[in-house]
Amino acid sequence: MKYVTIAELYDLGQTIAAELFEGKTYPWEVLPLIGEFIPKLGSTLSEEEYERRGENIWIARDAVLAPTASINGPCIIGKGAEIRQCAFIRGNAIVGEGAVVGNSTELKNVILFNKVQVPHYNYVGDSILGYKAHMGAGSITSNVKSDKTLVSVKGEGERMETGLKKFGAMLGDCVEVGCNSVLNPGTVIGPHTNIYPLSSVRGVIPPAHIYKKPGEIIEKTLYEKETL
């Protein structure tokens, strides 16, 4: 299946968690490993750059944290990140450098690459968001199927079993998700793709496309590609 490998979705130079992806083909393979990886990585971080707070929580000394944010470990918050009012980090979270976790946003078992923005009322669970990915206000990842069966990835007439009950979305680098959209379990969105507001997305969406609605997914124009 095209467009779903780590190599096609992510620039691993834009995450402190690059080592976790080594030897893996598909990004969802790392989801069950995030919790164990964080304490190992955290123990190697410079004490001059990162402060350890509580059990298995490392926060960059230049990160900005609102006093009302709730942060549970294991967790790493990168340099220059901003955690805004009433953000709720439930654990197993790596927040990249310069990332923004906004007001009332909830994170759980996630990797946010550098400069990711989830700034307003977002839920991101069991997901990986690539460099400069942005989720508009109210957009969420749905990470469990309604019938509670294992999640599969579907695209181009193919179906790939993941063996995971909880799997939200894999967003490639520079993906833009419109406001109040739902990314259904097993969604994979290629780099530089835009999702219209109020969308319900599932399956594999190719890179450099615009998702308007099911059955209407158009390739970006040459001008749009040149400005990426």
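How much accessible surface does the protein chain have, and what share of it belongs to carbon and sulfur atoms? About 10,200 Å², with 49% of that belonging to carbon and sulfur atoms. Keep in mind while browsing these panels that the model is predicted.

**Figure 1. The whole protein chain, with its four helices and 25 strands.** The radius of gyration is 17 Å, close to the 17 Å that the globule rule gives for 228 residues, so the chain is as compact as a globular protein of that length. Taken along the principal axes, the box filled by the C-alpha atoms is roughly 50 × 35 × 35 Å. Buried residues account for 51% of the 228 residues. As for how the chain meets itself, take the contacts between residues at least 6 apart in sequence: 31% of them join residues at least 24 apart. On the charge side, there are 23 positive and 26 negative charges, and their mean positions sit 7 Å apart.

**Figure 2. N122, a buried residue in the loop between β11 and β12.** Here we zoom in on the stretch that links β11 (117–120) to β12 (123–129), which is where N122 is found. N122 counts as buried because its relative accessibility is 2%, and the cut-off for buried is under 20%. What does the side chain of N122 reach at 3.1 Å? That would be the backbone nitrogen of H120. A polar atom of the N122 side chain also lies 2.9 Å from the backbone oxygen of G136. Leaving aside residues up to four places away in sequence, N122 touches S104, T105 and E106, plus the run M135, G136, A137, G138, S139 and I140.

**Figure 3. Y121, an exposed loop residue with a positive phi.** Y121 shares this panel with N122: Y121 has its place in the loop between β11 and β12, and N122 is found there too. Is Y121 buried or exposed? Y121 counts as exposed because its relative accessibility is 53%, and the cut-off for exposed is over 50%. Its backbone is worth a look as well: phi of Y121 is about 55°, a positive value, although Y121 is not a glycine. Most residues other than glycine have a negative phi.

**Figure 4. N109, a buried strand residue with a positive phi.** Now we move to strand β10, residues 106–112, where N109 lies. With a relative accessible area of 8%, N109 is buried. Which backbone atom does the N109 side chain reach at 3.2 Å? It's the backbone oxygen of L31. L31 also turns up among the residues that N109 touches, along with I34, G91, N92, G125, D126 and S127, if you skip residues up to four places away in sequence. Phi of N109 is near 55°, so here's another positive value in a residue other than glycine.

**Figure 5. The cis peptide bond between G73 and P74.** Last stop: the loop between β4 (70–71) and β5 (75–77), which is the place of P74. The bond that joins G73 and P74 is cis, with omega about -5°. Most peptide bonds are trans.

Technical notes: Residues numbered from 1 in each chain as written. Predicted model: local features only at pLDDT ≥ 70, side-chain atom pairs only at ≥ 80, totals over all residues. Heavy atoms only, no water. Helix = DSSP H or I, 4+ residues; strand = E, 2+ residues; numbered from the N terminus. Buried < 20%, exposed > 50% of the residue type's maximum accessible area, 1.4 Å probe, protein only. Polar contact = N/O pair within 3.5 Å; in protein donor to acceptor, adjacent residues only side chain to side chain. Contact = heavy atoms within 4.5 Å. Rg over C-alpha atoms; globule rule 2.2 N^0.38 Å. Areas by Shrake-Rupley, 256 points an atom, 1.4 Å probe, with all protein chains shown as cover. Lys, Arg positive; Asp, Glu negative; His and termini not counted. Charge placed at Lys NZ, Arg CZ, Asp CG, Glu CD.
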